[in-house]
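Biologist: I should be grateful for a close look at one part of this model, followed by an account of how other parts of the chain are arranged. Please name the residues concerned, so that I can locate each of them in the display.

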Amino acid sequence: MRNRIARFMYGRYGNDQLGNFLFGLYLVVFVVQFLFRKSPVGLVLMYLGYGLVILYFFRVLSRNIYKRSAENQKFLRAFRPVKNYVHYLKMKWKERGGSKKLYRCSKCQQIIRVPRGKGKIAITCPKCHFEFIKKT
């Protein structure tokens, strides 16, 4: 059975980050749709969920690998700022009350950790070498 599925998927695009995002979005729409079951909003959400599942399986089973890969790269470029901001918030939460303080370079947005409690210091970005002054 496993060999049969592997032969079927040969030459097809398969799953990627955009596919994972579409499937996760479908799950969210599916759960929210249950809250509005008896209303027109529930009907719209149901059809939106069907559309997301169809799009997901279209991408997974597609034989046009180059196009699906280009779509995924475009998605990743658009999603990268969101992912970086969430990463920054996680690091900031982790460092709260610790011995380090986090700043972002205003030029390249690189996250920089500096020692807490040193007063005003000149911080140099290790990536772009931009210098700025902040209070720690």
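Modeller: In the hairpin formed by β3 and β4, six residues lie between the strands, and H129 takes a positive phi near 65°. This is a predicted model, and the values that follow should be read accordingly. Strand β3 covers residues 120-124 and strand β4 covers residues 131-135. The pairing of β3 with β4 is antiparallel and runs over five bridges. One of the residues to locate is I123, whose bridge partner in β4 is F132.

A further hairpin is built from β1 and β2. Strand β1 (residues 100-104) pairs with strand β2 (residues 111-115) in the antiparallel sense, over five bridges. Between β1 and β2 there are six residues, and in this hairpin Q109 takes a positive phi near 70°. Two positions help to trace the register: K100 stands opposite P115 in β2, and L102 stands opposite R113 in β2.

The helices may be taken next, with α2 as the point of reference. Helix α2 (residues 17-35) packs with helix α3 (residues 40-61) at an angle of about 160°, their axes being 9 Å apart. Angles over 145 degrees count as roughly antiparallel, and α2 and α3 are therefore roughly antiparallel to each other. Their crossing is left-handed. From α2, the residues in contact include L18, L22, F23, Y26 and V29; among those that α3 contributes are L45, M46, L52, Y56 and R59. By class, the residues of the contact of α2 with α3 comprise 14 nonpolar, four polar and one charged.

Helix α2 also packs with helix α4 (residues 65-94), here at an angle of about 70° and with the axes 8 Å apart. Angles of 65 to 115 degrees count as roughly perpendicular, and this makes α2 roughly perpendicular to α4. On the side of α2, the contact is made by Q17, L18 and F21; on the side of α4, by E71, N72, F75, L76 and F79. These residues divide into five nonpolar, two polar and one charged. L18 thus appears in the contact of α2 with α3 and in that of α2 with α4.

Aromatic rings deserve a final remark. With ring centres required to lie within 6.5 Å, the count comes to eleven aromatic pairs. In the pair of F23 and Y26, the ring centres are 6.1 Å apart and the planes stand at 40°, so this pair is tilted. F23 and Y26 both belong to helix α2, where they are three residues apart, about one turn of the helix. Both residues are also among those of α2 that meet α3.

Key. Residues are numbered from 1 along each chain as its sequence is written. This is a predicted model: local features need pLDDT of at least 70, side-chain atom pairs count only at pLDDT 80 or more; totals for chains, interfaces and linings use all residues. Side-chain values use heavy atoms; hydrogens and water are left out. Axes are lines fitted to C-alpha atoms, for helices over the stretch in contact, and angles run from 0 to 180 degrees between N-to-C directions. Helices (H or I, at least four residues) and strands (E, at least two) are DSSP runs, numbered from the N terminus. Angles under 35 degrees count as roughly parallel, over 145 as roughly antiparallel, 65 to 115 as roughly perpendicular and the rest as oblique. A crossing is left-handed if the near helix is turned anticlockwise from the far one by less than a right angle, and right-handed if clockwise. Contact means heavy atoms within 4.5 Å. Ala, Val, Leu, Ile, Met, Phe, Trp, Tyr, Cys and Pro count as nonpolar, Asp, Glu, Lys and Arg as charged, and the others, Gly among them, as polar. Two strands pair if DSSP finds at least two bridges between them. Rings of Phe, Tyr and Trp (its six-membered ring) pair if their centres lie within 6.5 Å; planes under 30 degrees apart count as stacked, over 60 as edge-to-face and the rest as tilted.
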